[in-house]
Every structure is written in structure tokens, then in C-alpha cells.
Amino acid sequence: MVNTFEQSNLQNTDIISLQSRIISLKKLITLIEDNCEYKDLLRLYEKYISFNYNNSRLISAFDKKLKKVNRSFSSRLSIQESPIITIGTMLRILCVDEYLDKIMNKHEHKDIQIVSLGSGSDLRFQLQKYKDIHQILEVDFKDALSLKEKSVNNPASNVKFIDMDLSNISDCQNALKEHIDPTKHTVILMECLLCYLTIPESTEYFEFFKNILPLERLHYLVYDPVTISETDPFSDVMFDNLKKHNYLNMFSLKEYKGIDHYVKRFGIEDRLLYKTLWDYLKNRQDMKDLCKICQIDEFEELEILLSHYIIAYS
């Protein structure tokens, strides 16, 4: 199990990601003006960070960090973020949504369930488009899920919050086994989660899902940083910076020296498709528009960064 210090540091990464998602959604709405889905999602996030606390409630450290984010967006000073971080977050939103749409278009919604491990501040499953999904299980630390539940006026009835420390393997697996319906197509969503689990922990989860779900109904959707070769100075810098400034380890960056090596860990590599975020961007017809709105005109640094993140799906 992670200790309180480690939990706080993990949640710091979610707060940073949340701030980036809000900035990115505003840009996506500018680019895709008729996208009501992203407008609704932005409103949910703005309410989430501006939640009015009851004075009698003990405000957690996580809540206090959210209040700081809200003050930043409420101030007259614009929040500055690296353009390549912003476009990376925009692509993360787009590619995860794209895959979810594909499976929702392929199967009846009532025959799909989604398991979001380490869901953090992600609010996409409160959107109307997911209302007919059989069930959505969100697993994360208690305070993150509690605030999420309280900040939404009418929480989606098919979303179930399971407050767990994912490194507590036995308890998590017991809770998941109790809720997962093996007759449904099951999407296991993990965004920037696997990198923080130890290799034995992640292996246990892969084995667990293979044991309780028929392979034809097991669908992974993973967004994660990767090492792309045996000698990869960029991933070394990512690992060292996170350890130095956030006191966290990205275990998979040191264990898997290449993308092919990384995807073998799922145990279903014959059914797993994947691409780097750079490949995903290059294949989009709106690549120029995305880069323009983020004021990117030099691509060398962008290619290096995006080549170290993958979207994997089965």
C-alpha cells in the first residue's frame, strides 16, 4: 500500500493533469465549435474545481489543491502552459474518446461496462452519451472520488465509485470481482496508471482480468509513457525528473526497453493494437489546426515527446 506522502504526490500529478485538461478543452472547443460534449465536460470541470465546501467539513489536502487550481483560473492572469504539454493533453482526450466511441458503436451500450482504474478527476463518464452503458466502475483514492461525487448535481446512476488504493491488490481484486459482470464487453481504462504500479502489481492485474473475463470480451484502453529503446536518454530524464521533483517512480520506464517489450506485458499481444501519440497526430486530418491553435511551428521537440507516449487498445 502507498503511504500518505506517496498518495499526495500521486494526486499532485492528477491535479496538474486536471489543469491541463481544462486548458485543452477550451482550445478544443475553439477548434470544434459544434462539439457540445466538450462544452458540457468543461462545465463539469469548472464546477468541480469551484465546489462550495460546507464549513463543517474537514477539507483534505486534495481539496485544498483543487481550490488553488480554481483561484488560478478565476484570476485575471492567464495560466501559461507549455504548448507541447497542451497539445499532448488534447491528443490524449481525443484518442481515448475515439476508442471509447469505437467500442460503443460496435456493441450495444447495455452490453458494455467500463472499469476506470485510477480515474482521478476524470469526469467524462458523467456525460449523457454514457448513460446507457451497463455500468462504469471508477477506482481511486477515497477523497478524490468523494469530491467528484459531491461536485456533480445529479451523478450518473450507472457510475459506481470504489474507493481503493490500487496497490492493495487483494482488496481491489475482491471488490472488482464482486462488481464486474463477465457477460459484458469490459473496457479496462488506465490513463497514466501502469507507469506508477510496480511490475509485480501490474502483472497481477493483467492475470486477474484474463482469469475473470473471456478474452473476446476483454478490451484494454491504455495511455502511458514508454521507453522506446535500450538507450533512451529522454525516458531517463522523465524518470529522473519525476523522482527528483515528485518523489515518484515510473517503474515501467526502467523495466521495458522498447514499445514491443512493453505491450507483451498484457499477455494478449496478438489482440493488442497500439500507436505512439506522434503517429496518432500525424494521421489526423486536423494536425495543422491542432498545432496552430497551440502555436507550435517547430516539430523536433514535439515528435520526441509524443513518441514517448502510446495509446494501446484491444
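The accessible surface of the chain in this predicted model comes to about 15,400 Å², and carbon and sulfur atoms contribute 49% of that area. Of the 314 residues, 53% count as buried. The fold comprises 13 helices and seven strands. Among contacts in the chain with a separation of 6 or more, 75% are made by residues 24 or more positions apart.

One feature of the surface concerns charge. Asp-297, Glu-298, Glu-300, Glu-301 and Glu-303 together form a negative surface patch. Within this group, Glu-298 is located in the loop that connects α12 (287–293) with α13 (300–306). Glu-298 has a relative accessible area of 63% and is therefore classed as exposed, since exposed residues are those over 50%.

The backbone also merits attention. Most residues other than glycine have a negative phi. Against that background, Cys-192 shows a positive phi, near 50°. Cys-192 belongs to the loop between β4 (185–191) and α7 (199–212). With a relative accessible area of 23%, Cys-192 is partly exposed, because the buried class is reserved for values under 20% and the exposed class for values over 50%.

Tyr-247 likewise is not a glycine and has a positive phi, of about 55°. The loop that holds Tyr-247 runs between α8 (233–246) and α9 (251–255). The relative accessible area of Tyr-247 is 53%, so this residue counts as exposed. Cys-192 thus combines a positive phi with partial exposure, while Tyr-247 combines a positive phi with an exposed position.

Terms used. Residues numbered from 1 in each chain as written. Predicted model: local features only at pLDDT ≥ 70, side-chain atom pairs only at ≥ 80, totals over all residues. Heavy atoms only, no water. Patch = residues over 30% accessible without salt bridge, like charges linked within 9 Å, V, L, I, M, F, W, Y side chains within 5 Å. Areas by Shrake-Rupley, 256 points an atom, 1.4 Å probe, with all protein chains shown as cover. Salt bridge = Lys/Arg side-chain N within 4 Å of Asp/Glu carboxyl O. Lys, Arg positive; Asp, Glu negative; His and termini not counted. Charge placed at Lys NZ, Arg CZ, Asp CG, Glu CD. Helix = DSSP H or I, 4+ residues; strand = E, 2+ residues; numbered from the N terminus. Buried < 20%, exposed > 50% of the residue type's maximum accessible area, 1.4 Å probe, protein only. Contact = heavy atoms within 4.5 Å.
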